Each structure stands twice: as structure tokens, then as C-alpha cells.
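Dear colleague,

Please find below the structure I said I would pass on to you. My notes on what was found in it follow directly after.

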Amino acid sequence: AVGVTPANIIYMGGGGFSLLLPNENETVEILSKMKDVVNRWFYKEQQGRIYLGMQWMELDVHELYAPQFKTTFRRMNEKLETDKRSNFNQLLPDMLEIAEAVPTEKEECQICHRDDLPQMKSISDRSTKEKMIVCPLCETLFWWGDNLTDYQYIIRESKPL
């Protein structure tokens, strides 16, 4: 979205990433919008169980070299931790509207505990024969995981988009 290549990835792993991006107004606007869209989806579809903590800051080129890099990295981590502690604050008005809603009598998914979906399905665990009431997403993920145990190999194929 900001027109960079994988060469701009400084770090990626363990659920986190660091990117070196151009210092332009559009970059901050794109990052802000992307964070908002993703977190609104997480809040709606995952009931706020997942949050995309994402922060950025302007740097001088000298802050990327030793010994300043350690301090720069620490400052960025502090900003990110503050963001994580205040997750979904921008959605407080939406959350308060949901909190005032009338409780539902619908069935609850026994995996993710959603109770806002019209269609729940009954499935059986192959190993324990235990029956569970689940939402469509959990049913799909359950069957993927259950079926993967039958295979000795997984082959990944890359296809152009």
C-alpha cells in the first residue's frame, strides 16, 4: 500500500514485524487506516480477542546505526506496548453501543463462544466422539486440523496472484 518491497522488512517473526518506510504524510495515513480497518474487523469477527498493535515514528538516519539503534528500538517497543495496553480505545463508542444491546438467547459456539451468529452446527470429535455446537468458522478450522492429522506430508505450492 505504501509502495515498498520486501527489502524494507527489518524484522519479521513471532507475531511481530518492523518495517523501514518512507517518511511521507501518505504513509502515516495509510498505516492509520490499515490499523483501523483490521482492528474493526478483529473486534467484529473475533469479539476483540485479537488486536493489531501497530505504531510508527519518524527517525533520523543516524538512529538506525549503533549505538543509537538500541535506544531507537527500545523507544519503539515502549510505544507499541502502550498501544497494546490501550487496545480498541478508538472503538469505545462502538463497544458501548454493543454493551447496551439486549442479550441473546442464541446458542453459543463451544470453541470461540460467539453467540451472535444465526447458524450453529453440531460436530463430533473423531477421537473422543464428543459432540460440540460450533460456528461456521470454528467448524472449518476444526475440520482442517482434524483432517491434517491423517496426512504424513503437507505440500505448499506458490501460485501467482
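The helices and strands named in this email are DSSP runs, numbered from the N terminus, where a helix has at least four residues and a strand at least two. Please keep in mind throughout that this is a predicted model.

I begin at the surface, where I10, Y11, L20, F69 and F73 form a nonpolar patch whose members together have about 440 Å² of accessible area. Strand β1 (9-13) and helix α2 (68-85) each supply at least two residues of this patch. One of its members, F73, sits in helix α2 and counts as partly exposed, with a relative accessibility of 38%.

Turning to the backbone, the peptide bond from A66 to P67 is cis, with omega near 0°, and P67 belongs to the loop between α1 (25-46) and α2. Two residues that are not glycines have a positive phi, namely F88, at about 65°, and H113, at about 70°. F88 is in the loop between α2 and α3 (92-99) and is buried, at 4% relative accessibility, whereas H113 is in the loop between α3 and β3 and is partly exposed, at 44%.

F88 appears again among the contacts of N39, a residue of helix α1 that is buried, with a relative accessible area of 0%. If neighbours within four places in sequence are left aside, N39 is in contact with Y51, L52, F88, Q90 and L91.

As for charged side chains, the structure holds 7 salt bridges, and some of them deserve a closer description. K44, E45 and R114 are linked in a network of salt bridges. Within this network, the side chains of E45 and K44 meet with N and O 4.0 Å apart, while the closest N and O atoms of R114 and E45 are 3.5 Å apart. The pair of R114 and E45 links distant parts of the chain, since R114 lies in the loop between α3 and β3 and E45 in helix α1, 69 residues apart. The three residues fall into separate accessibility classes: K44 is exposed at 59%, E45 is partly exposed at 24%, and R114 is buried at 8%.

Another salt bridge joins the side chains of K121 and E139, at 3.5 Å from N to O. Because K121 lies in strand β3 and E139 in helix α4, this pair ties together parts that are 18 residues apart in sequence. K121 is partly exposed, with a relative accessibility of 39%, whereas E139 is buried, with a relative accessible area of 16%, where the cut-off for buried is under 20%.

That brings me to helix α4 itself, which covers residues 136-148; at 1.5 Å a residue its 13 residues should span 18 Å, and the end C-alpha atoms are indeed 18 Å apart, which agrees. Which residues of α4 are buried? They are C138, E139, F142 and D146, and, seen down the axis of α4, these buried residues fall within an arc of 100°, so they line one face of the helix. In general, an α-helix has 3.6 residues a turn, so residues three or four places apart point the same way. The buried residues of α4 pack against β3 (121-124) and β4 (131-134), and K121, the partner of E139 in the salt bridge described above, lies in strand β3.

With best wishes

Conventions: Residues are numbered from 1 along each chain as its sequence is written. This is a predicted model: local features need pLDDT of at least 70, side-chain atom pairs count only at pLDDT 80 or more; totals for chains, interfaces and linings use all residues. Side-chain values use heavy atoms; hydrogens and water are left out. The expected span of a helix is 1.5 Å times one less than its number of residues. Buried means under 20% relative accessible area, exposed over 50%, partly exposed in between (1.4 Å probe, protein chains only). The arc is that of the directions from the helix axis to the C-beta atoms. Contact means heavy atoms within 4.5 Å. Patches are made of residues with over 30% relative accessible area and no salt bridge: like charges are joined within 9 Å, nonpolar side chains (Val, Leu, Ile, Met, Phe, Trp, Tyr) within 5 Å. Accessible areas come from the Shrake-Rupley method with a 1.4 Å probe; for residues, only the protein chains shown count as cover.
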